[in-house]
Amino acid sequence: MSYRLHGYWRSSSAWRVRIGLALKGIGYEYAAVDLLAGEQDAADHVARSPLHHVPVLEVPRPGRAPLQLVQSMAILEWLDERHRDPPLLPGDADGRARVRALAEHVNSGIQPYQNTAVMKWLKGRHPGEELEWVRHWMGRGLAGLEAAVADGAGRCCHGDAPGLADCYLVPQLYAARRFGVPLDACPTLLRVEAACAALPAFAAAHPDRQPDAPPPERRTP
């Protein structure tokens, strides 16, 4: 049985799922969805993802239509229940609550401000203000995340093994650099990022390693 991941090389949401799959050693077929070309709005993709988003993880089911999982949090928790080792969530209730909160700091408190659709809408109505918008909200969110992670971090966001929170942190710091957000006030986040970057799973999931990544000279900011 082979999973199929519909994603985009630089989508932070799809990147999170790639990290989770790599940490668990799960192979998959990659199906690129070009967000800049509007492929997320094509009828076949909307049938998989009614909100026009990536990622979508397709899971074969013999004799039935594939299971189509959407939203990175739901996909990663499904993977953790289906493939338990190594776990993405701690074994204790308090730890699971902390890790889910850290992931949600990114998922609902930071990343939506940089969403491609949001940035496009802002650029069309308030040209030139979209970068100020994203830098303000991303900087504010990362300051809060720094405090939350520092209060209990180990080598990684929670303990010394990578997990769900790290799947969210690493792509978000990449996005911060992309949009020119200063990270000097985030020493804990940078330390955790460096520890994760040294792991093969995180290296394999990096946008530059994806088959749909354009050469550097053709990349948009």
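1. In this predicted model, R177 is partly exposed, because its relative accessible area is 44%, a value that lies between the 20% and 50% cut-offs. The side chain of R177 meets that of E193 in a salt bridge, with 2.8 Å from N to O. The two residues are 16 apart in the chain and link distant parts of it, R177 being in helix α7 and E193 in helix α8. E193, for its part, counts as buried because its relative accessibility is 14%, which is under the 20% limit.

2. E193 also belongs to the buried set of helix α8, which spans residues 187-197 and whose buried residues are T188, L189, V192, E193, A195 and C196. These residues cover an arc of only 160 degrees around the axis, and therefore they lie on the same side of α8. On the other side of this helix, P187 and A197 are exposed. As for what covers the buried residues of α8, the elements include α6 (130-150), α7 (164-178) and α9 (200-205). Helix α7 thus appears twice in this account, as part of that cover and as the helix that holds R177, the partner of E193.

3. Which residue forms a salt bridge with R4? The partner is E29, and the closest N and O atoms of the pair are 3.2 Å apart. Since R4 lies in strand β1 (residues 3-7) and E29 in strand β2 (residues 28-32), the pair ties together parts that are 25 residues apart in sequence. Both ends fall in the intermediate class of accessibility: R4 counts as partly exposed at 31%, and E29 likewise counts as partly exposed at 41%.

4. A further pair joins two helices, with R100 forming a salt bridge with E77 and the closest N and O atoms lying 3.0 Å apart. Here too the pair links distant parts of the chain, since R100 is in helix α4 (residues 93-107) and E77 in helix α3 (residues 72-82), 23 residues apart. R100 is partly exposed, with a relative accessible area of 34%, whereas E77 counts as buried at 18% relative accessibility, the limit for that class being 20%.

5. Taking the salt bridges as a group, a search of the whole structure finds 5 of them, and those described above are R177 with E193, R4 with E29 and R100 with E77. As general background to these points, side chains of opposite charge can pair when their charged atoms come close.

Note on methods
Residues are numbered from 1 along each chain as its sequence is written. This is a predicted model: local features need pLDDT of at least 70, side-chain atom pairs count only at pLDDT 80 or more; totals for chains, interfaces and linings use all residues. Side-chain values use heavy atoms; hydrogens and water are left out. Buried means under 20% relative accessible area, exposed over 50%, partly exposed in between (1.4 Å probe, protein chains only). Helices (H or I, at least four residues) and strands (E, at least two) are DSSP runs, numbered from the N terminus. The arc is that of the directions from the helix axis to the C-beta atoms. Contact means heavy atoms within 4.5 Å. A salt bridge is a side-chain nitrogen of Lys or Arg within 4 Å of a carboxyl oxygen of Asp or Glu.
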